[in-house]
Amino acid sequence: MIEVNVELKDRRYPIRIGSHILAESSSYAPLKCGDKVMIVSNPTVAKHYLTTVSDSLNRLGCKVSSVLIPDGEQYKTLDSLNLIFTALLQANHGRDTTIIALGGGVVGDVAGFAAASYQRGVRLLQIPTTLLSQVDSSVGGKTGVNHALGKNMIGAFYQPCAVIIDSASLDTLPKREVFAGLAEVIKYGAILDLAFFDWLEQHIDDLVSLQPQQLQYCIQRCCQLKADVVARDETEQGDRALLNLGHTFGHAIETHLGYGSWLHGEAVAVGMLMAADLSHLLGNLSRQDVFRLEKLLARANLPTVSPDGMSADDYLPLMMRDKKVLAGKLRLVLLQRLGQAYVTTNSDSELVRQAINHCSQFD
Ligand SMILES: NC(=O)c1ccc[n+]([C@@H]2O[C@H](COP(=O)([O-])OP(=O)(O)OC[C@H]3O[C@@H](n4cnc5c(N)ncnc54)[C@H](O)[C@@H]3O)[C@@H](O)[C@H]2O)c1
Ligand SMILES: O=C(O)C(=O)C[C@@H](O)[C@H](O)[C@H](O)COP(=O)(O)O
Ligand SMILES: [Zn+2]
């Protein structure tokens, strides 16, 4: 087992990464004998991992209850949050409880927000079971739910006390979900680390087929890159916005099509290409580097063109609701070059339209 630490201003928490570590009680520190816990999961994940996790916690001497929310992005809602609150109240959980998120990013974001708000805040532990949640959503404390008018519009920054990543849990993950996770993996290389981008170009086939050694290195590198950004800027006052590459476009796709139609990673993949194209139009990223990004995404079996029938007119109003908008001005994450991103308000809407059109089938 290896550990990456997230060093916040006033405290730190560990990300433990290993294979088959959910079956070991020692993985769950700081949980200890006598602790009350509520595991939040969904039926799909529970079928595979709830017994393993509950057994480990029971052996540790924890008092374990669980609640399942429905599976899917369309259930990342206030209703699901309320299901969790009801279960907590019915089982008499107080401020000394710990909420454990066992699942992908949807479970993690909803359970995380439940932890942030139940009785004004209880302890949270993340057990991510998708590639996307292992490399991204379980780390850094963004929690929340969607609104029909926009992604992740209601939420809180709320850090977990630990993140436990069992890479073996990816063996049961559908391939399409593995590919979606690779979009966020490629994002880290594109925004922060050219050497990692180069490594991904060499090893993307190994990741697609979940080769254990390459997978562990990839998860560790992504967690380290995210931990470093979050340590510098926990609540997105500056640099953390770089983690949003492609998301202003991608969230528009998810909202426009209806949550769950395209996966988050798929929408982010196309969004990153739009951002890369725009970066090129603004005279930064070279055409060759736009192609490198496109090729890597395609090799990860991700979409590289906008959804059928979605036009720039559909994107722009939704993009104006992005959380990075300041004083009514769109702020976008763009690429100076591969491995170096920046945030800009200097994005003329005609060029934004052009970039969207370049990534559309009719172009
Ligand atoms: N908080 C953040 O910083 C952050 C970062 C990135 C993404 N997100 C959010 O994360 C969400 C996407 O997360 P996701 O891609 O994990 O999707 P998800 O949570 O919907 O999980 C994908 C699917 O895989 C299933 N699943 C999960 N683990 C499994 C396993 N081990 N075996 C078999 N099936 C399994 C789930 O039940 C679901 O059907 C989006 O809502 C996105 O906005 C948040
Ligand atoms: O952790 C972050 O910061 C990110 O932006 C990571 C993103 O991958 C993630 O999808 C996040 O939920 C998007 O945040 P939002 O603030 O645009 O909703
Ligand atoms: Zn994301």
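Let's start with a strand pair. Strand 10 covers residues 332-337, and strand 11 covers residues 340-344. They run antiparallel, joined by 5 bridges. Keep in mind that this is a predicted model. Which residue of strand 11 stands opposite Leu332? That is Thr344. The two strands make a hairpin, with 2 residues between them. Look at Gly339 in the turn: its phi is positive, about 95°.

Now step back to the domains. The assignment gives domain 1 as 2-172 and domain 2 as 175-358. Their C-alpha centres are 25 Å apart. How many residues does each domain give to the contact? Domain 1 gives 31, and domain 2 gives 30.

Stay on the domain 1 side. Four elements give two or more residues to the side that touches domain 2. They are strand 1 (2-7), strand 2 (12-18), helix 4 (131-137) and strand 8 (150-157). By class, that side has 14 nonpolar residues, 12 polar and 5 charged.

Next, ligand 2. Where does ligand 2 lie with respect to the domains? Both domain 1 and domain 2 give residues to its shell, so ligand 2 lies between them. Here are the residues around ligand 2. Begin with Asp136, Gly140, Lys142, Lys151 and Asn152. Then come Glu184, Glu236, Arg240, Leu243, Asn244, His247 and Lys323. What classes make up this shell? The count is 7 charged, 4 polar and 1 nonpolar.

To recap: a hairpin of strand 10 and strand 11, a contact between two domains, and ligand 2 between those domains.

Conventions:
Residues numbered from 1 in each chain as written. Chains lettered and ligands numbered in written order. Predicted model: local features only at pLDDT ≥ 70, side-chain atom pairs only at ≥ 80, totals over all residues. Domains from an automatic or database assignment. Contact = placed C-beta atoms within 7 Å. Nonpolar A, V, L, I, M, F, W, Y, C, P; charged D, E, K, R; others polar. Pairing = 2+ DSSP bridges. Near = placed C-beta within 6 Å.
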